[in-house]
Every structure is written in C-alpha cells, then in structure tokens.
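Biologist: Let us go through this model together. I will ask, and you will reason.

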Amino acid sequence: MSDAHCDVAILGGGPAGAGVALALRTQTRRSVTLVERASDDTPRIGETLPPDARLPLAKLGVWSGFLRDGHLASRGTASAWGSATVGYHDTLMSPLGSAWHLDRARFDASLRAQVAERGGTVRFGTTLTGCESLGVEGFRLHLSHPSEGPSTLRARFVVDATGWKAEFATSQGARRQVVDRGFALYGDFRLREGAAFSTHALVESRPEGWWYSALLPGGRVVVALIGDGESLRGVRPGTPGSWLSLLAHTTATRERLAVCDFTGEALRAVPATVGGLDRLHAEHWLAVGDAACTLDSLSSQGISTALGSALMAAEALEQHLQGHPEALGAYGARVRQGFVEHLRTRDHFYREERRWPDAPFWRNRREALASSALAA
Ligand SMILES: Cc1cc2nc3c(=O)[nH]c(=O)nc-3n(C[C@H](O)[C@H](O)[C@H](O)COP(=O)(O)OP(=O)(O)OC[C@H]3O[C@@H](n4cnc5c(N)ncnc54)[C@H](O)[C@@H]3O)c2cc1C
C-alpha cells in the first residue's frame, strides 16, 4: 500500500476544491493534494455563470485562461415566473461584462490543470473510502482507485469540497440541514445548422416545477425540469416520453426549441438540493462550496459562490495553520451569513409564483417556506 502526505488534502475537484487548491498554491507554500472521484471526462450539465464570477476567477489567476476556453458569452436571463409574460435580466450594461454558458467539463478540467501547473498534486478517479484521526497531526485518509487500488494520504488539514453530500464533514459528525429536496431531469437538444438561438438562459415556471434552457458551446441546448418527488412521480429518465409531453405544455421554452432537435438520449437525473451543514469546520477540517451550503439552482449562483468561498476558505485555513484560532470561526460565520441571505431572496421569489397554489410542487415549496420562517 502506498503512503503519501501533504499539508492540505482537498476532497472533490469541482470549482470549490480546485479554487481552494489554486488559492493555496498561489498565495502560500503549502503542499496540496486534490482528490477527485471522477475521471477527467465525466459529462456535466452546462451551467450559467453570472458576470460577477469574473472577480473570483481573476483573483485565482485564471480569468484569461477562462476567456480562451470557448465558453459561450450570454446576454443574461429571461424568465416567465409569476406570470406568462417573459421578462429579461440583460447583461448589456453590466460593468463586469456578459454572463457565460459553460462547457462545464472543460471549466473543471482547466481549473484542475492549473492546480497541477502550480505544483499541486491532482489524483483523478480516486475516491475517499474512510479516514482516521491522527490527533494534532490531522488525518490519514483511505483512498481507492479502480486500477491502482487502495492507498493512504496523511494530511494536516482536510478540505471537504465533495459537493452537496459533504461526505467528509458528515463522517466527522456534521449534519446536513436540508431546506429543499428537489431534483432535476435534464436532456440535450441540438440546434439545427444555421438556426439562430438567443444566448439568454430561459426559466419558465409550470405547475410541475420550473424549466431551464440554455444554449451551450458547440450548439448543444440543455433543457432541465426542476421538480420534486411528488410533482415528477412517474417521469423516468430512461423513457423521456412523459418529460417531453410536459415540455410540450410549456410556452416560451417550447417556442425557442422549435429550431432544435431532441437528441433522443436518456435523460439524466441530478439532485437539486438546498441546504447546509450545521458545522462548517473543526480543528483539522473545513467544508467549502456546495458541501458547506448548497444554493437553489434557480439563482445560478452556485459556482461563483463556490469560487468565492474557496478564496475565503484558503485564507482562513492558512491563518489557522499559522496559529490564529478565530480564523475558521470567522470563515464559517461569513459563509453562513451568505446562505441566510440566499434563503431570504429565495423565499421572495418562490412567493412570487401564485398561479398553481394546489399543484404539489408549489404547495410543497409554500409549506416548506412557512415552516422555515417559523423555525427562523
Ligand atoms: C440542476 C442544476 C442546475 C444548476 N445550475 C447552475 C447554474 O446555472 N449556475 C451555477 O453557478 N450553478 C448552478 N448549479 C449549482 C452548481 O452546479 C454547484 O453549485 C457547483 O457545482 C458547486 O461546486 P462544488 O465544487 O462545491 O461541488 P461539485 O461541483 O459538486 O464538485 C464536487 C466534486 O467532488 C467529487 N467527489 C464527491 N465525493 C467524492 C469523494 N468521496 N472522493 C473524491 N471526490 C468526490 C465529485 O466527483 C465532484 O467533482 C446547478 C445545480 C443543479 C443541480
């Protein structure tokens, strides 16, 4: 069994994990190992980045590389929410420039390549299978790779960037507090040769949930329905018929897809959870990105928030390692404050949609909002 060690082990090579690794390698002399379960070419839904994502990308020193990576500049978001009329949130006058539709696999791969270029170790296809506390010396992590087999990694500090499941933090006793347990079913369309398509992302609410569609680089158009277990009962990823017939009842989404063809491939289902951990750190670990707080995908803020929290996390953990005991607490308080503000904004938007009060999706959201307001 091989044995290796580093100052900071980062579990999860999404934007949050890669962001922490980049910040540490740029701003400190810490040795960093980034452990990513997926192989480099795992397909991902293509997300939208708001214009302000430029700020953390620039701070991490990857903005010019981002511009070379072929992501699609977007003029913003259109939405039919609360009424059938489509409204626009246009980025035309944004001082930070356009929004972006990501080639997400390329985005993540570029960030990880930068980590390696700056002297970090990146281990792909490697999964955390267990860990032992070494007291003041941190942790021994047990890892597994399909062809290389099991290995161990000793780290003075561990960053949990494993996404909404927060696999490491929950193994250390932190608990996930789930605000919303939705899921998304998404499929791909292709834009016909020579056809025009708006670069606005479109959100359209319907009785069963809300639809999201966006043109991605290379003429791929991603279409997602965000619902919950009750509103999407019987809608199966392997047989897209019922998803397509719900899609046929939309208005603005159906109209824009008139110049596209469904690829016919099976749909993909992904959790669309909203929630956060009750503890964001301890003496030898912290959680970052979705692992710390998972935002509603309606906001399109998940990636920029993950990058922003990665910068804060790297700074706090460096101060902590230099003997400032209050640094992690201050980090946790800032992340939690941001999440509380997000929940307030989210409440406001869900209350704005009043057209289907008895449809399960909207009834469930309303009841959850009422009980979270009560808890607050
Ligand atoms: C339907 C939907 C639409 C969305 N749309 C948008 C959008 O338009 N704009 C936006 O900004 N955000 C959007 N988001 C949110 C965005 O995808 C997340 O906020 C973002 O990916 C969080 O980054 P992260 O690095 O924290 O986590 P992730 O991107 O989830 O990365 C976690 C990584 O950890 C790895 N991992 C997990 N467990 C282990 C383990 N045990 N060992 C090793 N590695 C592990 C995973 O393979 C993964 O690569 C959307 C989310 C959903 C569900």
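Biologist: Is Ser300 buried, partly exposed or exposed?

Modeller: This is a predicted model, where local features need pLDDT of at least 70, side-chain atom pairs count only at pLDDT 80 or more, and totals for chains, interfaces and linings use all residues. Residues are numbered from 1 along each chain as its sequence is written, and side-chain values use heavy atoms, without hydrogens and water. Buried means under 20% relative accessible area, exposed over 50%, partly exposed in between (1.4 Å probe, protein chains only). Ser300 has a relative accessible area of 27%, so it is partly exposed.

Biologist: Which residue in the loop between strand S11 (149-160) and helix H5 (167-171) has a phi near 45 degrees?

Modeller: Helices (H or I, at least four residues) and strands (E, at least two) are DSSP runs, numbered from the N terminus. The phi value is positive, in a residue other than glycine. The residue is buried because its relative accessibility is 0%. It is Ala166.

Biologist: Which side-chain N or O atom lies 2.8 Å from an oxygen atom of the ligand?

Modeller: A polar contact here is a pair of N or O atoms within 3.5 Å. On the backbone, Arg37 has an N or O atom 3.0 Å from a ligand nitrogen. The side-chain atom at 2.8 Å from a ligand oxygen belongs to Asp290.

Biologist: Which element gives the most residues to the shell around the ligand?

Modeller: A residue is near the ligand if one of its heavy atoms lies within 4 Å of it. There are 29 residues around the ligand. The element that gives the most, with 3 residues, is H8.

Methods:
Polar contact = N/O pair within 3.5 Å; in protein donor to acceptor, adjacent residues only side chain to side chain.
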